[in-house]
Amino acid sequence: MRIAIPKETHLGENRVPITPDTAKKLCRMGADLVIEPGMGEGSGYTDAEYTEVGATVCSDRNELFSTADMLLRLRKPEMEEIGLMKSGCIHISYLDPFNEHELVEALRKQGVTAISMEMIPRTTRSQKMDALSSQANLAGYVMVMLAAAKLPRIFPMMMTPAGTLKPAKVFIIGAGVAGLQAIATAKRLGAKVTAFDTRPVVAEQVRSLGASFLEIDLGDTGETSGGYAKELTPEQIQIQRDAQKSFIAESDVLITTAQVFGRKPPVIVTRDMVEGMAPGSVVVDMAAETGGNVEGSVPNETVVINGVTVIGQGNLSNEVSCDASQMYSSNLFSLVEDSWDEESKAFVIDFEHDILPGCIITHGGEVTNETIKKVLAGES
Ligand code: NAD
């Protein structure tokens, strides 16, 4: 099976889909691995590091796409790239299928088997393939680093002959994978950390990291069978906003990571709450690129509102691209290895598999994913 790895073309993207370590494992499994020149450059890997472990290099990007049985990459394909792919080609990447309807339609029409990394079911067995978790984990760390760099204070308490400095107060809203890592990172730096999440099960996890959990009675919230938060009613959102307001005003740093799977992120911090923070405070809105948890945050920009720095940077794991590449590459490998047939040396599409049907979006000229079928039909 010919597995091709094109170079990521998105401006500023330094993560790479496959590291030389993973390339070696794929070649050992019997894959005919071919890379585009410079594919590993963003994370500091040379072409030679890939060829040394058995990969070949193809400098004609069109040929790379049109001869591939499988394409492994990070970002979704460009429209014009889809037309180059063979019918039956397996394409694995982030795909954003909830929003990218035209792309899904083009992949279906081309007969491509498109696997979406975002849609890998979050089961115990699939943890090693879970790129949402691996990248969110790093994003949680990066958000605290960005906030610490902008805050005109230090995070830990410091008792010195020149006086005692109080620890910074950090408030984290949304304690999923990214939020929990942000809590752990801010704690390691010595901050006084408090967090809130709508899933009651999270309170214990927050406390086990040494942080406090802000109790807000929102009535019935719960979580879906997949472990995700349920969407709050407008009344519940209002209760949450009111209960957080005074707490936000007293915080030096506010980090928001609230997401509702397949929906626009909730706006949980209004502009007046940002304006109510002391000048010099810092807000990091992890959801800025997809609509924002914080009113006034701007995607991929840092703005100042009433003396408060509001960071809306996206693609946070790209800031630590070497580790992000290593983890994403490992996620991809685990997915491929799990369905690899040693005899035919090929990836086997099996709709009885416990993980694949959940993340295959199109196959054999059909949209096969039940969730995305409903989204496309306007039922979800
Ligand atoms: P996510 O990115 O969808 O959401 C981030 C957090 O925002 C979640 O904790 C959610 O509860 C919270 N949130 C939503 N609305 C909110 C609001 N109004 N206010 C405050 N918080 C709000 O979630 P995620 O980090 O990708 O994962 C969520 C959960 O999924 C995990 O904590 C876990 O339970 C489950 N999960 C399971 C596995 C596994 O078993 N393999 C892997 C990863 C995640």
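In the predicted model, Glu36, Arg61, Arg73 and Glu81 are joined to one another in a network of salt bridges. This network belongs to a structure that holds 20 salt bridges in total, and pairings of this kind can arise because side chains of opposite charge are able to pair when their charged atoms come close. Three further pairs are described here together with the accessibility of their members.

The salt bridge between Glu13 and Arg15 has its closest N and O atoms 2.9 Å apart. Glu13 has a relative accessible area of 8% and is therefore classed as buried, the limit being under 20%; Arg15, with a relative accessibility of 7%, likewise counts as buried.

A salt bridge is also formed by the side chains of Asp252 and Arg153, with an N to O distance of 3.7 Å. This pair links distant parts of the chain, the two residues being 99 residues apart: Asp252 is placed in the loop between α9 (234-250) and β12 (253-256), whereas Arg153 is placed in the loop between α6 (131-150) and β7 (158-160). With regard to solvent accessibility, Asp252 is buried, at a relative accessible area of 16%, while Arg153 is partly exposed, at 48%.

A local pairing is provided by Arg271 and Glu275, which both lie in helix α10 (residues 271-275) and are 4 residues apart, a spacing of about one turn of the helix. The closest N and O atoms of Arg271 and Glu275 are 3.3 Å apart in the salt bridge that these residues form. Arg271 counts as partly exposed, with a relative accessibility of 38%, and Glu275 also counts as partly exposed, with a value of 35%.

Charged residues also contribute to the surface, where Glu337, Asp341, Glu342 and Glu343 form a negative patch. Of these residues, Glu343 is located in the loop between β16 (340-341) and β17 (346-347). The relative accessibility of Glu343 is 76%, and this residue is therefore classed as exposed, for which a value over 50% is required.

At the level of overall organisation, the domain assignment of the protein gives two parts, domain 1 comprising residues 2-120 + 322-374 and domain 2 comprising residues 136-314. The centres of domain 1 and domain 2, taken over C-alpha atoms, are separated by 34 Å.

Terms used
Residues numbered from 1 in each chain as written. Predicted model: local features only at pLDDT ≥ 70, side-chain atom pairs only at ≥ 80, totals over all residues. Heavy atoms only, no water. Domains from an automatic or database assignment. Patch = residues over 30% accessible without salt bridge, like charges linked within 9 Å, V, L, I, M, F, W, Y side chains within 5 Å. Areas by Shrake-Rupley, 256 points an atom, 1.4 Å probe, with all protein chains shown as cover. Salt bridge = Lys/Arg side-chain N within 4 Å of Asp/Glu carboxyl O. Lys, Arg positive; Asp, Glu negative; His and termini not counted. Charge placed at Lys NZ, Arg CZ, Asp CG, Glu CD. Buried < 20%, exposed > 50% of the residue type's maximum accessible area, 1.4 Å probe, protein only.
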